[in-house]
Amino acid sequence: MGQRVGVVGATGAVGQELLGLLHTRAYPLDALHVFGSPASAGGSVPWPGREPLTLEALEAGALRACSRVFFCAGAEVSRTWVPRALEGEGLVIDSSSAFRYEPEVPLVIPELNAAEIPARGLVASPNCTTTLVALALAPLHRRARLTRLVVATYQAASGAGAAGLAELTAQTRAALAGEEVHVEHFPRPLAFNVFPHVDGFLPEEGWATREEMKLTWETRKLLDLPELPCVATCVRVPVQRAHSAAVFAEFAEALTVEQAREALAAGPGLRLVDDPQAARYPTPLEASGADAVLVGRVRKDPSCARGLALFVSGDQLRKGAALNALQIAEQADR
Ligand SMILES: NC(=O)c1ccc[n+]([C@@H]2O[C@H](COP(=O)([O-])OP(=O)(O)OC[C@H]3O[C@@H](n4cnc5c(N)ncnc54)[C@H](OP(=O)(O)O)[C@@H]3O)[C@@H](O)[C@H]2O)c1
């Protein structure tokens, strides 16, 4: 039997990716409802192989009638509409940050904690960067227990949604043509630039950004390490798609580089790309469009007793968002 699926935010970067994945992964569908903002209602989105789908305005009855509802329209929309969807009998999978920190809401990466997926109710899918980093850390943590984490990220423009990607493209074209570069969505020009500013600054967290704190809060919840010392610097880079991270992890037990490589090569959802002699390592271009998160540059961190350094690249629109959300649904269907 198929599911009655609702996709909220179907015109956005994550929603579009999700529609593609529903098709390519042949997700069993009895019905597919797509929702956009009130301004988009009545318009349409392409649906591979069939007629375009008509966008609906959000309405409680339509959400309640769905057995699987994917929210990919931002935290504000989720805060208003997830409670309405939960009045139905279905499973609601939220890709926004709205409910991730509620203790009773499971935060799920199926490769890590599929057992927490309920038959109905709410599941949160983690922040995109956190998903990629936590997936890479999980097999190492299982072997040697993570005790400290330092991360620097390199985040693509599409992490800021369809508008972010469009802005990078327009800025790059303008800069190359010697024209004025317009900044609307990002805090600075992104073309030919990088800036350590993803999401807003939080004075109460010593001026870390919200993105940096998401990485801390969500890694702790996902790995069940509530006291994990963790610091991140999240940087936007002029890459279209796929986030990367330089990860420095310290462990309670000794773990050789060879043991770490073995654990990563066998890690679900991961692909080890680590051959320095052949200049093989993860890059966002290679990670784009792939389901697996790429991990490489695995080496000892000589600055501490039991530390490892690694580099991770993963498609944040797939495993970092749409694919993870769909895998949660697929797991619930079993
Ligand atoms: N981009 C990523 O890499 C990524 C990764 C992980 C998680 N996420 C999370 O996923 C969510 C979506 O992100 P995105 O990057 O796909 O954003 P996006 O490209 O900006 O798309 C936003 C979507 O939300 C819809 N929307 C806006 N206001 C609405 C309203 N009042 N009612 C119904 N729909 C509304 C938009 O529809 P209209 O076209 O009609 O305006 C659009 O479909 C966010 O919570 C984000 O944090 C994003």
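**Reading a two-domain model**

Mentor: The protein chain has 10 helices and 15 strands. Helices here are DSSP runs of H or I with at least four residues, strands are E runs of at least two, and both are numbered from the N terminus.

Trainee: What makes the protein chain as compact as a globular protein of that length?

Mentor: Its radius of gyration is 20 Å, close to the 20 Å that the globule rule gives for 334 residues, so the chain counts as that compact. The radius is taken over C-alpha atoms, and the rule is 2.2 Å times the number of residues to the power 0.38. Along the principal axes, the C-alpha trace spans about 60 × 55 × 45 Å.

Trainee: What kind of model is this?

Mentor: It is a predicted model, in which local features need pLDDT of at least 70, side-chain atom pairs count only at pLDDT 80 or more, and totals for chains, interfaces and linings use all residues. Residues are numbered from 1 along each chain as its sequence is written.

Trainee: Why is glycine 6 called buried?

Mentor: Count the C-beta atoms, which are placed from the backbone: 20 or more others within 10 Å is buried, 12 or fewer is exposed, and in between is partly exposed. Glycine 6 has 27 others within 10 Å, so it is buried. Strand β1 (residues 3-8) holds this glycine. Across the protein chain, 45% of the 334 residues count as buried.

Trainee: Which residues does glycine 6 touch?

Mentor: Leave out residues up to four places away in sequence, and glycine 6 touches His33, Phe35, Leu63, Cys66, Val69 and Phe70. Contact means that the two C-beta atoms, placed from the backbone, lie within 7 Å. For the chain as a whole, take contacts between residues at least 6 apart in sequence: 66% of them join residues at least 24 apart.

Trainee: Why does arginine 145 count as partly exposed or buried, whichever it is?

Mentor: Arginine 145 has 15 C-beta neighbours inside 10 Å, so it falls in between the two cut-offs and counts as partly exposed. The residue is in the loop between α5 and β8 (146-155).

Trainee: What is the phi of arginine 145?

Mentor: Phi is positive there, about 60 degrees, although the residue is not a glycine. Most residues other than glycine have a negative phi. Aspartate 224 also carries a positive value, near 55 degrees.

Trainee: How do you know whether aspartate 224 is buried or exposed?

Mentor: Aspartate 224 has 10 C-beta neighbours inside 10 Å, and the limit is 12 or fewer, so it counts as exposed. Its loop runs between α7 (210-222) and β11 (230-236). Alanine 254 has 10 such neighbours, so that residue counts as exposed too. Alanine 254 is in the loop between β12 (243-251) and α8 (257-265).

Trainee: What domains does the assignment give?

Mentor: Domain 1 covers 3-126 + 321-333, and domain 2 covers 130-316. The bounds come from an automatic or database assignment. The C-alpha centres of domain 1 and domain 2 lie 25 Å apart. Contacts link 13 residues of domain 1 with 18 residues of domain 2. On the domain 1 side, α10 gives the most, with three residues.

Trainee: What makes the largest nonpolar core lie where it does?

Mentor: A nonpolar core joins buried Ala, Val, Leu, Ile, Met, Phe, Trp, Tyr and Cys residues through C-beta atoms within 7 Å. This one has 89 residues, and Val7, Leu18, Val133, Ala136 and Val312 touch the most other members. Helix α5 (residues 128-144) supplies the largest share, 10 residues. Domain 1 and domain 2 both give residues, so the core lies between them. Contacts of alanine 136 include Val247, Leu264 and Val312.

Trainee: How do you know where the shell around the ligand lies?

Mentor: Both domains give residues to the shell, so it lies between them. A residue belongs if its C-beta atom, placed from the backbone, lies within 6 Å of the ligand. There are 31 residues, and Gly12, Gly36, Ser40, Ala73 and Gly161 come nearest. Elements giving two or more residues are α1 (13-24), β2 (29-36), α3 (75-85), α6 (161-176) and α10.

Trainee: How do the residues of this shell divide?

Mentor: They divide into 16 nonpolar, 15 polar and no charged. Ala, Val, Leu, Ile, Met, Phe, Trp, Tyr, Cys and Pro count as nonpolar, Asp, Glu, Lys and Arg as charged, and the others, Gly among them, as polar.
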